[in-house]
Amino acid sequence: MSALWWAVLAGGVGCYLLKLAGLAVPASLLDRGWVRRSADLVPVALLAALVAVQVGAEGQGLVLDARAAGLGAAVVLLLLRAPFLLVVAGAAATAALLRLLAG
Amino acid sequence: MIRRHHDPLDRVDPADPADPVDPVDPAARRAVLRDGLGVALATGTYGVSFGAVSVASGLSVAQTCVLSLLMFTGASQFALVGVVASGGAPLSAAATAWLLGTRNTLYGLRLGPLLGWRGRRRVLAAHLLIDESTAMAVARPRAELARLGFLVTGGGIFVLWNLFTLLGAVGGTVLGDPRTYGLDAAVGAAFLALLWPRLSDPLHRLVAVLAAGVALGLVPLTAAGVPVLAAGGVALLTGLLAGVRARSRAGRSS
C-alpha cells in the first residue's frame with residue numbers, strides 16, 4: 001500500500017478518534033483554558049498558512065501568479081457574502097481566465 | 001467541517017437538558033428538521049469542490065472517497081490534500097488534518113452531556129460530530145431536539161457530502177489538467193472561505209497574519225508540509241501568551 005493510502009487511513013482514523021474522545025472523555029479533563037484557547041487558534045493559524053502556501057508557493061520557491069488573482073476574486077466574493085461554492089468557483093474561473101489570456 | 005459561520009460554541013449557551021419537561025411541540029420538531037436539512041443541503045453539496053480539488057492534488061478517486069467516508073470533517077480533508085498537493089510528506093499531511101480535527105474534540109466535550117448517549121450510540125454519533133451538527137444541536141432547549149438536530153444535520157451532510165465528493169472526484173478526473181480550470185487556485189480560495197468567519201476577532205486576525213508569514217518564510221527553507229505545521233506552533237504560542245487577556249475577559253463576564 002502506498003504512503004498516500006496510509007496518510008488517508010491514518011488521517012481518517014485519527015480524526016474519528018479525536019471526535020470520539022470529545023464525547024467519551026470527562027469534560028473536566030480537557031476543558032481547560034489553554035486547551036480551549038489553543039483549539040480556538042490552531043484552526044485559524046493552519047488555515048491561514050494553508051492559504052499562503054497554496055497561493056504563494058511553487059515547490060521550494062515563492063511566486064506570484066494567476067492563483068493570487070484567484071484569491072483576490074475570492075476576497076471580493078467573500079466581502080459580498082457569496083456562498084462557499086461560488087467563492088471557490090469564482091477563484092478558479094479568475095485564474096483560468098487569466099491563464100487563457102496569457103496564453 | 002468548518003462552515004461559514006462563527007464557531008458554534010462562541011455565541012450560544014448550551015441547552016440545559018434538565019429544563020422543565022412537557023411533550024415536545026410537533027412544530028418545534030418540524031422546525032429543527034427543516035433547519036437541519038437546509039444546512040445539510042448547503043454544506044453537503046460543496047463536497048463536489050472537495051472531490052475535484054482532491055483528485056487535482058494527486059489522490060485517486062478511491063482515496064478521495066475513503067477520505068470523505070472515514071475522516072468526514074471538511075477542513076481536515078482539504079488540509080490533507082492541500083499538503084499533498086504542495087509536495088508534503090504523507091505524515092505532514094495526516095498531522096495537519098489531525099491538528100484541525102482537534103476542534104471536534106472540543107465540540108464533543110460540550111455536546112456529550114447534552115446528547116447523553118452511551119456505548120454503541122456514542123461510538124456511531126462521534127462520526128457525525130462536525131461544526132454544523134454541533135451548531136444545530138447545541139442551541140436547542142431540549143435534549144430531544146438537540147439529538148434530532150444533531151442526527152438530521154450530521155446524517156444529511158454525511159450522505160450528501162459523500163455523494164458529491166464522488167461526483168466531484170469523477171468529474172475532476174474527466175476534466176484533465178486541473179490548472180486549465182484554475183482548480184489549483186480553488187484550493188486557496190476554499191481555505192480562505194473556511195477561515196473567513198473566524199477573522200472577526202482581532203486576535204484571530206493577528207494569528208492568521210503571523211501564521212501566513214511564518215509559513216511563507218519557511219517555504220524556501222524546509223520540506224513541503226513543514227511550514228503549515230510550524231504555523232500551528234504560532235497558534236499554540238499565541239494561545240499561551242493570550243492567557244492573561246483571556247483570564248481578564250473571563251473575569252469581567254462572570
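The largest nonpolar core in this predicted model takes in 113 residues. The residues with the most contacts inside that core are A:Ala45, A:Leu46, A:Ala48, A:Ala49, A:Ala91, B:Ala189 and B:Ala211. If you want to know which element gives the most to this core, look at α3(A), with 14 residues.

A:Ala91 is a good place to zoom in. Setting aside neighbours within four places in sequence, A:Ala91 is in contact with A:Gly70, A:Leu71, A:Ala73 and A:Ala74 on its own chain, and with B:Gly182, B:Ala185, B:Ala186 and B:Ala189 on chain B. One of those partners, B:Ala189, is also on the list of residues with the most contacts inside the core.

**Where the two chains meet**

On to the interface, where 66 residues of chain A are in contact with 86 residues of chain B. On the chain A side, at least two residues each come from α1 (3-24), α2 (27-30), α3 (33-56), β2 (61-62), α4 and α5. Again α3(A) gives the most, this time with 22 residues on the side that touches chain B. By type, that side of chain A splits into 48 nonpolar, 13 polar and five charged residues.

One helix pair across the interface deserves its own look. Two packed helices are described by the angle between their axes and the distance between the axes. For α1(A) and α4(B), the axes come within 9 Å and cross at roughly 10°. Angles under 35 degrees count as roughly parallel, so α1(A) and α4(B) are roughly parallel to each other. From α1(A), the contact uses A:Leu4, A:Trp5, A:Val8, A:Gly12, A:Val13 and A:Tyr16, while α4(B) brings B:Gln63, B:Val66, B:Leu67 and B:Leu70. The residues of this contact divide into eight nonpolar, two polar and no charged.

**Chain A overall**

How many helices and strands does chain A have? It has five helices and two strands, and along the sequence they follow the pattern α-α-α-β-β-α-α. The radius of gyration of chain A is 19 Å, well over the 13 Å that the globule rule gives for 103 residues, so chain A is more spread out than a compact globule. Its C-alpha atoms fill a box of roughly 60 × 40 × 25 Å along the principal axes. Of the 103 residues of chain A, 48% count as buried.

For a feel of the distances, take A:Arg99, which lies in helix α5 of chain A. The C-alpha atoms of A:Arg99 and A:Ser28 are separated by 54 Å, and the two residues are 71 residues apart along the chain.

**Positive phi and burial**

Most residues other than glycine have a negative phi. Two residues here go the other way: phi of A:Arg81 is near 60°, and phi of B:Phe72 is near 45°. A:Arg81 is found in the loop between α4 (66-79) and α5 (84-102) of chain A, and B:Phe72 has its place in the loop between α4 (61-70) and α5 (74-85) of chain B.

Are these two loop residues buried or exposed? The table gives the answer, with A:Arg99 added.

| Residue | C-beta neighbours inside 10 Å | Counts as |
|---|---|---|
| A:Arg81 | 10 neighbours | exposed |
| A:Arg99 | 18 neighbours | partly exposed |
| B:Phe72 | 25 neighbours | buried |

The cut-offs explain the labels: a residue is buried with 20 or more such neighbours, exposed with 12 or fewer, and partly exposed in between. So B:Phe72, with 25, counts as buried, and A:Arg81, with 10, counts as exposed.

Definitions and conventions. Residues are numbered from 1 along each chain as its sequence is written. Chains are lettered from A and ligands numbered from 1 in the order in which they are written. This is a predicted model: local features need pLDDT of at least 70, side-chain atom pairs count only at pLDDT 80 or more; totals for chains, interfaces and linings use all residues. Helices (H or I, at least four residues) and strands (E, at least two) are DSSP runs, numbered from the N terminus. Two residues are in contact if their C-beta atoms, placed from the backbone, lie within 7 Å. Ala, Val, Leu, Ile, Met, Phe, Trp, Tyr, Cys and Pro count as nonpolar, Asp, Glu, Lys and Arg as charged, and the others, Gly among them, as polar. A nonpolar core is a set of buried Ala, Val, Leu, Ile, Met, Phe, Trp, Tyr and Cys residues joined through C-beta atoms within 7 Å. Axes are lines fitted to C-alpha atoms, for helices over the stretch in contact, and angles run from 0 to 180 degrees between N-to-C directions. Angles under 35 degrees count as roughly parallel, over 145 as roughly antiparallel, 65 to 115 as roughly perpendicular and the rest as oblique. The radius of gyration is taken over C-alpha atoms; the globule rule is 2.2 Å times the number of residues to the power 0.38.
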